[in-house]
Amino acid sequence: MSSHPLALIAEITHRCPLHCVYCSNPLEMARVESELATADWVRVFQEAAQLGVLHVHLTGGEPLARPDLVELVAAAQKAGLYTNLITSGLGLGEDRLHQLVSAGLDHLQLSFQDSREDSANWIAGAKAQSHKIGLARSIRKHRLAFTVNLVVHRQNLDHLEEMIRFIEDLAPDRMEIANAQYYGWALANRAALLPTRAQVERAVQVIAEAEKRLAGRIRIDSVAPDYYAQYPKACMGGWGGRLMLVDPAGKALPCHAAGVIPNLVFDSVRDHPLRWLWDESPAFRRFRGEDWMPEPCRSCDRRAEDFGGCRCQAMLLTGDPNATDPTCSKAPAHHLIDEILHATDADSMSVSEPVTTASFVTLQKIAATLWSYRVNPK
């Protein structure tokens with residue numbers, strides 16, 4: 001377990017122009033008026049660097065909704081942090097991109113929902129695809145590390161080869177193929193998003209072939225769906241082990257989904273320095289180490305590798321955050337995963353045609369009453 005976080009995930013806003021059906025944002029999102037001010041984030045970046053943090057990931061929501069984004073990038077760079085912007089690209093034009101690069105932006109991660117425009121726009125809930133393609137070409141004009149992120153699921157996995165070729169044409173340094181993770185809206189829409197076993201097995205073959213073909217040109221990172229794994233992923237490097245997340249209102253969390261666990265109080269950077277939050281806050285200490293572990297985790301040889309799996313996933317699937325992550329084949333509650341996968345393979349829903357929008361619980365249905373999307377293009 002690291003004595004300090006290696007990376008800071010800075011959720012600088014929950015505002016977003018997209019309404020993705022797999023969005024991990026919570027229902028109770030931080031409103032604009034509660035967001036940390038520029039000066040607060042500048043202090044957080046300075047404290048993060050002093051704590052030993054190496055990277056800051058500027059994310060949201062859509063970080064471009066913050067009119068002070070260029071100033072925030074400059075502050076992170078001045079603090080000595082490697083800066084990564086995770087974005088949909090909406091709100092980013094040539095001038096603002098140049099300003100961000102000049103301010104010290106090191107890396108940009110651009111998300112895509114599909115290779116096909118109609119499907120991509122449908123999944124995102126916005127007409128964004130053509131802008132993203134043009135932006136990708138602009139990014140390549142700058143000395144900037146560039147990753148394309150593609151979220152895959154039941155509705156698009158059947159044309160994964162096509163999507164990989166599409167991303168290849170954008171010439172990123174890195175391609176991240178990430179299966180939807182079932183938190184937030186993705187959990188609500190799991191029946192329409194969880195791929196079949198045949199889709200997953202085929203995807204593994206397709207990605208292996210692409211890795212071989214693109215070796216030395218584009219690095220491919222792939223995150224397999226938890227539900228099909230034999231063992232759980234080492235979520236966030238272990239609870240309170242490697243990463244710290246600060247949400248738009250200043251709450252410090254061990255991961256983006258930690259708020260689903262009841263009776264945990266997440267202290268704020270408004271009230272405490274990052275060092276105290278990392279070392280002393282009850283929320284970060286709650287599942288750190290091995291003392292909390294039940295059997296079979298406590299005596300498992302893998303406990304220092306996967307840390308009992310994801311506490312949030314355990315909570316969402318079993319109602320108990322102390323339980324062994326049910327995605328583990330050794331978990332007492334693994335039968336829950338077997339039942340979900342059996343239902344998925346038995347489902348007659350088409351996997352070659354997108355289901356109707358009405359089949360999803362979408363952010364579009366509540367977005368207008370939760371927040372407004374604002375971008376200052378300067």
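Helices are DSSP runs of type H or I with at least four residues, numbered from the N terminus. The exercises below concern a predicted model.

**Exercise 1. Describe the overall content of the chain, and state what share of its residues is buried.**

Solution.
Step 1. The secondary structure of the chain consists of 15 helices and nine strands.
Step 2. Of the 378 residues in the chain, 55% are buried.
Step 3. Consider contacts between residues at least 6 apart in sequence: 75% of them join residues at least 24 apart.

**Exercise 2. Determine how many disulfides the whole structure contains, and explain the result for Cys235 and Cys310.**

Solution.
Step 1. A disulfide requires two cysteine sulfur atoms within 2.5 Å.
Step 2. For Cys235, the closest cysteine sulfur belongs to Cys310 and lies 3.7 Å away, which is too far for a bond.
Step 3. Taken from the other side, the cysteine sulfur closest to that of Cys310 is the one in Cys235, again at 3.7 Å and too far for a bond.
Step 4. The search of the whole structure accordingly returns zero disulfides.
Step 5. As to environment, Cys235 has 14% relative accessibility and counts as buried; Cys310, at 1%, counts as buried too.

**Exercise 3. Characterise the packing of helix H1 against helix H2, and place Val42 within it.**

Solution.
Step 1. H1 spans residues 38-51 and H2 spans residues 69-78; their axes come within 9 Å and cross at roughly 20°.
Step 2. Angles under 35 degrees count as roughly parallel, so H1 is roughly parallel to H2.
Step 3. The crossing of H1 with H2 is right-handed.
Step 4. H1 contributes Thr38, Trp41, Val42 and Phe45 to the contact, while H2 contributes Glu71, Leu72, Ala75 and Ala76.
Step 5. By class, these contact residues comprise six nonpolar, one polar and one charged.
Step 6. Val42, a residue of helix H1, is partly exposed because its relative accessible area is 23%. Its C-alpha atom is separated by 8.6 Å from that of Ala79, although Val42 and Ala79 are 37 residues apart along the chain.

**Exercise 4. Repeat the analysis for helix H2 and helix H3.**

Solution.
Step 1. H3 covers residues 94-103, and it packs on H2 at an angle of about 20°, with the axes 8 Å apart.
Step 2. This angle makes H2 roughly parallel to H3.
Step 3. H2 and H3 cross in a right-handed manner.
Step 4. On the H2 side the contact involves Leu69, Val70, Val73, Ala74 and Gln77; on the H3 side it involves Arg96, Gln99, Leu100 and Ala103.
Step 5. The contact of H2 with H3 is made up of six nonpolar, two polar and one charged residues.

**Exercise 5. Identify the buried residues of helices H4 and H5, and state what they pack against.**

Solution.
Step 1. The buried residues in H4 are Ser119, Ala120, Asn121, Ile123 and Ala124.
Step 2. These buried residues of H4 pack against H5.
Step 3. Just after H4 comes Gly125, with a positive phi of about 75°.
Step 4. In H5, which covers residues 129-139, Gln129, Lys132, Ile133, Leu135, Ala136, Ser138 and Ile139 are buried.
Step 5. The partners of the buried H5 residues are H3, strand S4 (107-112), helix H4 (117-124), strand S5 (145-152) and helix H6 (160-169).

**Exercise 6. Explain why helix H13 is described as largely enclosed.**

Solution.
Step 1. A residue counts as buried under 20% relative accessible area.
Step 2. In H13, the residues that count as buried are Arg311, Cys312, Gln313, Ala314, Met315 and Leu317.
Step 3. Because six of the eight residues of H13 (residues 311-318) are buried, the helix is largely enclosed by the rest of the structure.
Step 4. The buried residues of H13 pack against helix H8 (190-193) and helix H14 (334-346).
Step 5. After H13 comes Gly319, which has a positive phi near 85°.

**Exercise 7. Is Ile207 buried or exposed, and which residues does Ile207 touch?**

Solution.
Step 1. Ile207 lies in helix H9, residues 197-214.
Step 2. With a relative accessible area of 9%, Ile207 is buried.
Step 3. Leaving aside residues up to four places away in sequence, Ile207 touches Leu160, Ile177, Ile220 and Ser222.
Step 4. The C-alpha atoms of Ile207 and Asp221 are 9.2 Å apart in space, with these positions 14 residues apart in sequence numbering.

How values were computed: Residues numbered from 1 in each chain as written. Predicted model: local features only at pLDDT ≥ 70, side-chain atom pairs only at ≥ 80, totals over all residues. Heavy atoms only, no water. Buried < 20%, exposed > 50% of the residue type's maximum accessible area, 1.4 Å probe, protein only. Axes fitted to C-alpha atoms, helices over the stretch in contact; angles between N-to-C directions. Helix = DSSP H or I, 4+ residues; strand = E, 2+ residues; numbered from the N terminus. Parallel < 35°, antiparallel > 145°, perpendicular 65-115°, else oblique. Left-handed = near helix turned anticlockwise from the far one by under 90°. Contact = heavy atoms within 4.5 Å. Nonpolar A, V, L, I, M, F, W, Y, C, P; charged D, E, K, R; others polar.
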